[in-house]
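Student: I would like a close look at a single part of this structure, taken slowly and with the terms explained along the way. Please choose one helix and then place it in its surroundings.

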Amino acid sequence: MSYTQRETPVLAELCSFLVQDIYGELASRVYSILARYGRQNLHQLVKASYLNRRQITLGLVTLVQSHLVFHSSPVSAVTAYEIDWQQSYALVRFGRVVKMVEDRFGKNASAIVGNLLEHGHTRIGDLKNAFFPPQDPIEDSEDEGVNGAGTKRKRTNGTHVNGTDTKVNGMSNGSLDEADHGAGDKLYLKTVDEFYDAIQLLMQQGWIMRVDETQYLSPGDFDQVALTQVLDARWNGQMPSGTKDKGIVAREVLAQKRSTRDAWAEPPQFATRKRKVNNRDHEQPNKRLKVNGANGWASSGGDGDFSAAEEQMPIRINREKIAVAMRTEQLVRLVEQRLGPTTARIYQIMLRCVESQVRRCFEEWPDPPIDSKKKDDEPPSPPCLYLVTAHDVEKQSKDFDICEGLDPHAVSKITGRSLDKSYKMEDPVDPIDLGHHERLQLIHAHIENLARDPFHFATWHSRAGHSQWQIEFEDIAKSLIQHEIENTVSAKKPQLGLKLIRALKKKGRLDERQIGIAMMMTAPDIRAVVNDLAVQGFIQTQEVPKVDRREAKHSIHLVWYDRQRAREKLLHDTYKGMIRIIQRIAFEKEKVQAVLEKAERTDVRGNESRFLGRDELDMLNSWKEVEERLLLQLFREDDLVAVLRDFCGPLVSA
Amino acid sequence: MKNEDGDAPGAVSRFDQLYDKCAASPPGTIFFQRDLSAMQVADTMEELLSLINWLCGQQLMKMMLFDNEPCWKIRDRREAEKLRTLTADENVIYQHIDQAQTEGVWIKALRAKTNFAQPTLNKCLKSLESKDLVQSIMSVKYPNRKMYLLSYLTPSEEIAGGLWQRGGDFDLGMIEQVSQIVNQAVERETCIRVPANWNNYQPTDRAAAIAHKKAHVQGRLRDIEDGVPIRPYKPPSHGNATRLVHRSNPTYPTASSLATFLNAADIMKGLKAREVDMEQLLEMMTLDGRLEKVSAIAYRTALNTNDTKTFNGFVDAPCGTCPVFDLCADDGDISARTCVYFGEWLGTESEEIY
């Protein structure tokens, strides 16, 4: 089974809560049936639940529209449904995705992304109509079908989806409600041109991809399809018998899957667009778009439009890109903790520079390692390097003090000013006054700090552009996982736990005496920690008998640490922690239900202070605080999930 | 032998002469026949041999073989005196223990080599111990093994555990003290304490600089009333506090440099730290998170600018450190509804369990 598709009861429960939160009870009922029974067709679903066929179909439509379930209709006669766990879990990240897009590409893009997230996918043309309702009132009826299905999916028809729409919008963070009112007095997406610009930018950066029917195939079906394609193309539809040939087929299947997937995210040729969007420019999208916005509506009729084919293209968010962005944020946070805010800011610039090149954090279908015995004529594809030069960073670092966070000696050497005894600059330096070369050197010093850190946030690559640096994401991701496991253990068992885990990681399997030597402690002091951590599943113990009879006295007792196991255990626990938070939110909400209902009455809303009593207001405020706190914690746990799950493939040989 | 005994009175001075000449060279020196004859105590080779024989008989010299060539070492007079009083059995055992030198010999191995019965062995060892010729120690490697070695030897690292151990256990107090000192030393070498206002520049009159400085000042005063959007990464507002940063081009301390430093400081009551001892300590401190490795041999202080105790999303929530996390279920006595930890954390009431 696909690694990403392995589900645990805990994840199933968590996702059911999330679906219920966002898509309501019916969808969540259907979802939970699928979660319990696994892959089912419609008939089986009806049998397994108390819902009738119509209700189930309705629920399924919502789930399909938002890509929460896979279905096999493109390839088989009887459609089977299966949950897409990754997408389901991603529900918790909606708010964060909008925020990340806004940080990178501005409000215009984030409004589009917010809409796409809530509706699953739409055609570009329909999305445009949602933001810019056609002037002709007759066409309003067509607007109903904004979220209508792409042409390929006959199951999803527009009305059903729109039935859930009101609910969806109710959960949104407000930006959409505003958007639905059309192009009135809003601050973003003022013109259709801006809309097209944003879509184009997002597609070129890989945040939005086209919807393809193969995306609806569960990993198993997808594998079948790829296999059939490969066999048809090269092997006359027959599975070859030899071991070597089978190996080749397996390799080709993987290549087929990769190419199918890469085709999804390939941005279309925006041939009709006259102005090319500059990739490097996205740091200040607002400014750029406003310049263009001066054209206003006039331009929208002419060269600004996409071709009809592009208007018809259904699009959705690319989940892999979100993980990439989350990795950036996570790494920047870590650098801030370790090396201070200024260096973190520089690292952020570096990471965002390469972000557009990074399609995904890890390859889900990597080629199996080639046997060293037979060196085929096909050379292994060169590893993808993510390179940034100090020059690139320098251009974007004008708005903060790049002298901070460095050793004053280094700064004084670069700027040629002297220090006094307490390391104060005798002649203070304003970083804005510094020359280009001096700034480059300061940036270089920051990046050197990054490189020297045990995490090796950057690695020297060449001298191009003053200094060119490579970011080795895979190794960093592994260290990140280790770091989070260590964090968890040190919170649970201050001091000793961390030391123990690190000792075991470094030295492998150890018996009690060897642990003692590594940690420089006596065995009895360590025993309790070993026990606790073994019970919690972070380390493993093992008994190797020395004699035929298994006797404790005549056995070697070993303790070891497996990063992958600890990672999965922690991931599981984190999912469970998230469930508890969601449950607690529900419980806290239940306690103030009466007040909430009153506060949400249309006449009370906006005039809370007039209609609600003092204690009611207090309750409301404290509930808001509690909810905020719990939600914040939920999102922080999501950060942890991202580190543990999304940045790095399974660590099989670790 | 009798002949030699008869000659003894006349040769006493000769014995002493030879012994003294040997004792004059540094202790532990090994003498070959040519070395002894070069001392020109005896007139002939036979006489020399008889002298040596007598000294060996008196336990003042110990005969050994090196590349099938006999060689000798002298013993302390007092020790020789004690050895002369030994019985034959005790002597055999002593020889075996002597052979093992600083590695020590396990009592069971001793029995296997000598084929003595356990009581005899015990008796002999006891008498040897009472004469202060051998000592018994616990092996660190095998805590249940009693090892014997000569009393004037210090046990090897294999069995005694090196600098940081006392009687088989780690000397935690000393380790802590020394590691603190080492930590400070490493910090001095690799870090620098920078005052907050080290670069107190005046803003230029350019618009950007003004906005920049404004944000800077506001960040410092922590003026939260004024909701001016400041830069996402404002300079850390640590007031007058100083902050540690890594030096730009330090000479990173290594195990050998720190060992030299520690020995020069002489804080361990005359004990000397070797490079391997220091390596062990530094490795341990790296595990601890106090140091970090920058290369195969070099270390530096691990900085954590974030002083607040936050770990990650999971453990900062009550669930992460909950003692009954595994018992917690969707409903029942232990659940999110009844959780006292959540109640404490949020300052709200949880459901009572009856």
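Tutor: What follows begins with one helix of chain A and then moves outward to its surroundings.

This is a predicted model, in which local features need pLDDT of at least 70 and side-chain atom pairs count only at pLDDT 80 or more, while totals for chains, interfaces and linings use all residues. Residues are numbered from 1 along each chain as its sequence is written, and chains are lettered from A and ligands numbered from 1 in the order in which they are written.

The helix is α17(A), residues 341-355 of chain A; helices here are DSSP runs of H or I with at least four residues, strands are runs of E with at least two, and both are numbered from the N terminus. The 15 residues of α17(A) should span 21 Å at 1.5 Å a residue, and the distance of 20 Å between its end C-alpha atoms agrees with that; the expected span is 1.5 Å times one less than the number of residues.

Twelve of those 15 residues are buried, so α17(A) is largely enclosed by the rest of the structure. A residue counts as buried if 20 or more other C-beta atoms, placed from the backbone, lie within 10 Å of its own, as exposed if 12 or fewer do, and as partly exposed in between. The buried residues run from A:Pro341 through A:Thr342, A:Thr343, A:Ala344, A:Arg345, A:Ile346, A:Tyr347, A:Gln348, A:Ile349, A:Met350 and A:Leu351, and A:Cys353 is buried as well. Their cover includes α16, β7 (387-389), α18 (390-395) and α20 of chain A, where contact means that the C-beta atoms of two residues, placed from the backbone, lie within 7 Å. For the chain as a whole, buried residues make up 42% of the 654 residues in chain A, which has 28 helices and twelve strands.

The loop between α17 and β7 of chain A holds A:Glu364, which counts as partly exposed because it has 16 C-beta neighbours inside 10 Å. The C-alpha atoms of A:Glu364 and A:Pro650 are separated by 9.6 Å, although the two residues are 286 apart along the chain. In chain A overall, 69% of the contacts between residues at least 6 apart in sequence join residues at least 24 apart.

Helix α17(A) also belongs to the surface shared with chain B, being one of the elements that give two or more residues to the side of chain A that touches chain B. That contact takes 61 residues from chain A and 53 residues from chain B. Among the other contributing elements are α16 (319-339), α20 (436-452) and α28 (614-646) of chain A, while α25(A) gives the most, with nine residues. By class, the side of chain A that touches chain B has 24 nonpolar, 15 polar and 22 charged residues; Ala, Val, Leu, Ile, Met, Phe, Trp, Tyr, Cys and Pro count as nonpolar, Asp, Glu, Lys and Arg as charged, and the others, Gly among them, as polar.

Elsewhere in chain A, an unreviewed UniProt entry places the feature "domain: DNA-directed RNA polymerase III subunit RPC3 winged-helix" at residues 486-558. Over residues 486-558 the chain is 56% helix and 16% strand, with end C-alpha atoms 21 Å apart. UniProt positions are given in the numbering used here, feature names are shortened, and annotations may be inferred rather than shown by experiment.
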